[in-house]
Number of protein chains: 2
Amino acid sequence: MTPRAGLTADRVTRAAADLADRIGFAALTVSGLARELGVRDASLYSHIRNLADLRARVAVLATAEMADQIGAAVAGRAGKEALAAFAHAYRRFAVRHPGRYAATQIALDPEVVAASPGHRRTLELTGGMIRAYRLAERDQVDAVRLLRSTFHGFSHFEATGGFLHGRDVDASFARAIDALHVALENWPSHDKEGTP
Amino acid sequence: MTPRAGLTADRVTRAAADLADRIGFAALTVSGLARELGVRDASLYSHIRNLADLRARVAVLATAEMADQIGAAVAGRAGKEALAAFAHAYRRFAVRHPGRYAATQIALDPEVVAASPGHRRTLELTGGMIRAYRLAERDQVDAVRLLRSTFHGFSHFEATGGFLHGRDVDASFARAIDALHVALENWPSHDKEGTP
DNA sequence: GTCCTTTCCTAGACTTCCTAGGTAAAAGCC
DNA sequence: GGCTTTTACCTAGGAAGTCTAGGAAAGGAC
């Protein structure tokens with residue numbers, strides 16, 4: 001038997017994320033990954049439980065990487081500047097790492113989410129960004145959900161070719177950010193923070 | 001040999017959509033569907049070319065059904081009322097038909113989209129809804145993209161358990177619609193239709 | 001060095017996808 | 001009605017992917 005490939009769960013996960021970026025997350029298979037790593041498919045089960053476990057690991061890894069990039073982009077910014085930086089970093093990650101991005105969108109067990117540093121960091125970053133708009137707690141939740149929905153939706157349609165009109169997509173995204181800022185500045189609620 | 005099951009491509013597609021609503025679109029298989037219909041898996045290839053063809057057929061069917069429901073909801077409405085009706089019908093469809101909804105979101109060949117009555121109808125309905133805001137053509141495209149992104153993103157997170165906070169999701173959606181209306185009424189652009 | 005752990009392998013069972021060819025149900029024609 | 005043609009169903013089987021079990025040997029600990 002030849003020397004061991006020196007695999008670890010971490011290395012397997014990174015290789016899977018790289019492969020997913022190349023072929024698409026949906027097309028990621030244990031057997032394909034094994035070929036990529038130069039081992040037999042059965043060998044990977046020393047490091048991962050099954051395909052679902054592999055997918056979850058990629059999701060956790062990708063979420064952490066994405067949070068790091070968003071964090072770097074919004075550092076030192078507030079208000080509309082932070083919103084725009086967050087949004088652009090979000091979309092940039094999705095465009096550059098389509099497989100990783102798709103992984104961030106799968107449903108995960110609550111325990112996995114709770115233990116994922118990337119998920120927690122994303123929450124913190126989002127909370128920090130939204131703070132400048134001085135919304136009531138309940139409105140902050142609503143607003144964050146609106147932002148996350150828009151960012152994901154946009155990236156989804158961009159990735160799946162859903163934007164068929166000839167209109168420049170970069171321009172549409174810039175307008176969307178402007179529009180979201182307008183909405184946040186004029187949040188349709190009567191209990192803005194600090195106002196009784 | 002026993003009597004034929006009397007399958008047609010249409011019947012196969014509907015059965016697939018129903019099954020997808022029950023088990024999830026991602027879990028839809030030719031073999032599973034064959035079991036559902038009481039035939040052998042190989043028999044289905046008289047009616048569909050392959051799994052990708054089946055998925056595309058479900059997508060086209062679901063898009064048409066969804067467009068019908070949105071169309072019925074917005075009939076006779078304009079402005080914010082139409083926006084709200086559209087949004088609620090969209091989300092209702094996604095919640096009631098998770099498999100069908102997921103099918104509407106897959107990337108399809110441009111020829112398939114071009115030939116799909118549901119896609120065309122969705123475009124018309126969206127155009128009609130956005131008309132009340134009297135935006136310039138370019139801004140209309142941007143605004144439609146924002147709306148579609150938000151609706152899809154919201155439905156996606158709702159379906160994948162991405163909204164972890166205890167805040168009522170119905171309320172968040174209602175607020176999101178209000179916020180989108182505010183954004184549309186105050187679209188961040190200087191060339192509103194009719195204004196030089 | 002020895003002993004223990006664990007990573008790799010082979011083997012194989014199972015599922016899914018899909019093609020090829022055959023049979024008989026169903027449709028079409030007279 | 002009978003006869004012919006079409007085609008929807010079947011069986012058979014190969015390819016690919018998933019995953020378990022057990023064994024061999026690489027690598028780590030002492």
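Ala, Val, Leu, Ile, Met, Phe, Trp, Tyr, Cys and Pro count here as nonpolar, Asp, Glu, Lys and Arg as charged, and the others, Gly among them, as polar. The model is predicted: local features need pLDDT of at least 70, side-chain atom pairs count only at pLDDT 80 or more, and totals for chains, interfaces and linings use all residues. Residues are numbered from 1 along each chain as its sequence is written, chains are lettered from A in the order in which they are written, and side-chain values use heavy atoms, without hydrogens and water.

Select DNA strand C and the residues near it (a heavy atom within 4 Å of the strand). This surface divides into 10 nonpolar, 8 polar and 5 charged residues. Among the 23 residues, those that come nearest are Arg4(A), Ala5(A), Arg40(A), Ser43(A) and Arg4(B). Sugar or phosphate accounts for 64% of the strand C atoms within 4 Å of the protein, and bases for the rest.

Next, select His47(A): one of its polar side-chain atoms is 2.9 Å from a phosphate oxygen of strand C. For base nitrogens of strand C, go to chain B, where a polar side-chain atom of Arg4(B) lies 2.8 Å from one and a side-chain N or O atom of Asp41(B) lies 3.0 Å from one.

Move to Gln105(A), which is buried at 11% relative accessible area (buried means under 20%, with a 1.4 Å probe and protein chains only). Leaving out residues up to four places away in sequence, Gln105(A) touches Tyr90(A), His152(A), His156(B), Phe157(B) and Thr160(B) (contact means heavy atoms within 4.5 Å).

Definitions and conventions. Buried means under 20% relative accessible area, exposed over 50%, partly exposed in between (1.4 Å probe, protein chains only). A polar contact is a pair of N or O atoms within 3.5 Å; within protein, one must be able to donate a hydrogen and the other to accept it, and residues adjacent in sequence count only if both atoms are side-chain atoms.
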